Structures are given as structure tokens and as C-alpha cells.
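Subject: Structure for you to look at

Hello,

Here is the structure we talked about handing over. Please open it alongside this note, which goes through what was found.

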Amino acid sequence: MWQDVRVKNIVFILLGTTIYGFGLVNFNIANNLGEGGLTGITLLLLHFTGIDPAYSNLILNIPLFFIGWRILGNRALIYTIIGTIGLSLSLWIFQRVPYQLDLHEDLLLVALFAGGFTGIGLGFVFRYGGTTGGSDIIAQVLHRKKGVSMGRTLFAVDAIVLTLSLSYLDVRQVMYTLVAVFIGARVVDFMQEGAYAARGALIISAHNDKITENVMLAMNRGVTILEGRGGFSKKRTRCAVYRCC
């Protein structure tokens with residue numbers, strides 16, 4: 001169970017949860033902004049019951065650990081437990097270590113910082129195979145099984161939780177929270193996929209020369225010609241691979 005667990009992954013998962021926890025405490029909680037996913041639910045509990053998110057995060061994630069183990073396997077479960085504990089520990093520490101960043105009560109700046117810290121933190125966690133529990137597990141499953149971007153899944157779940165947050169936040173605070181969530185989702189995708197994503201097309205045709213000429217001249221795209229042989233006909237053929245965007 002432990003043979004595939006890497007120290008490097010654990011270090012970066014803990015780094016990610018530290019960044020995420022710092023942002024949650026010093027930007028979201030400090031400025032009365034909500035959050036999406038399970039973390040948003042912990043903030044709901046903080047407002048209505050006073051329960052520390054560091055504790056509610058652990059309690060609410062216990063049943064989700066079993067889902068993560070059943071679907072993602074042993075290694076992912078270990079990384080998820082480490083990520084969840086790391087986040088709770090970060091929340092506990094940063095709530096007790098005061099840090100003030102004067103943003104002149106500018107909620108737009110707060111939302112930008114909150115989204116950036118969330119995206120970078122979760123980006124490290126996801127990139128090295130971990131989650132922080134909650135909706136992260138759902139995002140990991142859909143990403144692995146269906147190829148759905150993790151940022152898109154998180155944004156959809158977050159929108160539902162933010163609707164519930166209207167019970168204690170005003171519309172202005174929810175809208176700025178939505179800005180933070182959107183930025184966080186985009187940064188997560190950037191961390192996962194990189195700055196540039198290319199798409200290509202594979203064309204098998206008897207008219208490769210004409211297709212290649214049009215692609216290169218009309219579309220101004222690069223083309224690679226591959227030699228092949230038909231499995232049934234045994235005839236040699238060529239196919240063109242071109243990058244479309």
C-alpha cells in the first residue's frame with residue numbers, strides 16, 4: 001500500500017494545502033467571503049454554529065475517505081488523507097497566527113488574492129495526486145473517468161454551495177466570492193494543463209498532398225506526414241497529422 005507513495009508528492013501536497021489554508025483564513029474568512037465545495041460548508045457551519053473549520057473539515061471528510069478508497073485506490077486515499085489533514089492543520093495554525101494584509105477593504109482585490117491562493121494551492125495538491133477531500137474527490141473521479149477538467153467540476157459544485165451561502169452572505173459578498181471561485185478554477189486548470197494546450201487532427205486520405213497544401217497555406221498550420229499500412233488491405237498509405245490550435 002505504501003510502496004507507490006512518494007515523499008516528493010507528499011511534500012508538494014502539504015505545500016499546496018498550506019497555500020490554500022493561508023488564503024482561506026486571511027482572505028475568505030477575514031473578509032466575510034464564502035467558498036465552494038465542502039470548505040464552503042465548513043464556513044457555513046462556522047457562521048451558524050461557531051465550529052472551527054479545522055475540525056469540521058476533518059469530521060465531514062471521514063465518510064468521503066471510503067468513497068475515495070473505493071474509486072481512486074489505496075495511493076489516492078493516502079494522498080487524500082494527507083491533503084485533508086494538511087488543510088485542517090493549516091486552517092488551525094493560520095487562525096491562531098495573525099497576519100494582516102491591508103487591501104483597503106477592496107473586495108475585488110480580496111477576491112483576486114483568494115482565487116489565486118486557492119488555485120495555486122489546489123493546483124499543487126491535484127498535480128501531485130492528492131485532494132483535500134470533499135468535492136475534490138468528485139473532481140478527481142470525473143477527471144480520471146470522463147476527462148472532465150477538474151476546475152470545471154469544482155466550479156459547478158461551488159456554484160451550488162454558494163447559493164446556500166446566501167443564507168448568511170449578502171449578494172455583494174456572494175458575487176465577489178464567485179469571482180474568487182472562478183479565478184481559482186482557472187488557475188487550477190492552468191496548473192494541471194499548463195499555459196498552452198494544443199489540439200490536433202489525424203487525417204487518413206488518398207489525397208494527402210492536396211490536404212497538406214491547403215492546411216499549410218490556407219490555415220497556416222504545421223503538418224506531419226506518417227507512413228502506414230492498412231491492417232486488412234496490407235496497402236501502404238500515408239496519413240497527415242496537423243495541429244489545429
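Start with the salt bridge between D52 and R96, where the closest N and O atoms are 3.2 Å apart. This is a predicted model, so please read that distance as computed. D52 sits in the loop between α2 and α3, while R96 belongs to helix α4, so the pair ties together parts that are 44 residues apart in sequence. The two partners differ in cover. D52 counts as buried, at 13% relative accessibility. R96 is partly exposed, with a relative accessible area of 41%.

How many salt bridges are there by this rule? The count comes to two. The other joins D189 to R186, with the closest N and O atoms 3.5 Å apart. Here both residues lie in helix α8, three residues apart, so about one helical turn separates D189 and R186. D189 is buried, with a relative accessible area of 9%. R186 is partly exposed, at 49%. As background, side chains of opposite charge can pair when their charged atoms come close.

Overall layout

The protein has nine helices and three strands. From the N terminus on, the order is α-α-α-α-α-α-α-α-β-α-β-β. Of its 245 residues, 43% count as buried. Take the contacts with a separation of 6 or more: 70% of them are accounted for by residues 24 or more positions apart. The protein exposes about 13,900 Å². Carbon and sulfur atoms supply 63% of that area.

The cores

The largest nonpolar core has 32 residues. Those with the most contacts inside this core are I13, F27, L91, V110, L122 and F126. Five helices each supply at least two of the core residues: α1 (7-29), α4 (74-96), α5 (107-127), α7 (150-165) and α8 (171-193). Which helix gives the largest share? That is α5, with eight residues.

F126 is a good place to look around. Leaving aside its neighbours within four places in sequence, F126 is in contact with T131, D136, Q140, M150, L154, V188 and Q192.

There is also a second, separate core of five residues. L43, L44, Y168 and V174 are among them.

The surface patch

Next, the outside. A nonpolar patch on the surface is formed by I51, Y55, I59, L89, W92, I93 and V97. Together these residues have about 650 Å² of accessible area. Both α3 (53-72) and α4 supply at least two residues of the patch. Helix α4 gives the most, with three. I51 comes from the loop between α2 (37-49) and α3. I51 is partly exposed, with a relative accessible area of 37%. That loop should sound familiar: D52 of the salt bridge with R96 lies there too. In that loop, then, I51 is partly exposed, whereas D52 is buried.

Two single residues

N32 is worth a look. Its phi is near 60 degrees, a positive value in a residue other than glycine. Most residues other than glycine have a negative phi. N32 is found in the loop between α1 and α2. With a relative accessible area of 48%, N32 is partly exposed.

Then I85. Its place is in helix α4. Is I85 buried, partly exposed or exposed? At 45% relative accessibility, I85 counts as partly exposed. I85 and N61 are 24 residues apart in sequence, and their C-alpha atoms are 9.9 Å apart in space.

Confidence

Last, how far to trust the coordinates. The protein averages a pLDDT of 82. Of the residues, 85% score at least 70. Which elements have the lowest and the highest mean pLDDT? Strand β3 (residues 236-243) has the lowest, at 62, and α1 the highest, at 94. Where pLDDT is low, the predicted coordinates should not be read in detail.

Over to you.

Best wishes

Definitions and conventions: Residues are numbered from 1 along each chain as its sequence is written. This is a predicted model: local features need pLDDT of at least 70, side-chain atom pairs count only at pLDDT 80 or more; totals for chains, interfaces and linings use all residues. Side-chain values use heavy atoms; hydrogens and water are left out. A nonpolar core is a set of buried Ala, Val, Leu, Ile, Met, Phe, Trp, Tyr and Cys residues joined through side-chain atoms within 4.5 Å. Buried means under 20% relative accessible area, exposed over 50%, partly exposed in between (1.4 Å probe, protein chains only). Helices (H or I, at least four residues) and strands (E, at least two) are DSSP runs, numbered from the N terminus. Contact means heavy atoms within 4.5 Å. Patches are made of residues with over 30% relative accessible area and no salt bridge: like charges are joined within 9 Å, nonpolar side chains (Val, Leu, Ile, Met, Phe, Trp, Tyr) within 5 Å. Accessible areas come from the Shrake-Rupley method with a 1.4 Å probe; for residues, only the protein chains shown count as cover. A salt bridge is a side-chain nitrogen of Lys or Arg within 4 Å of a carboxyl oxygen of Asp or Glu. pLDDT is the predictor's confidence in each residue, from 0 to 100.
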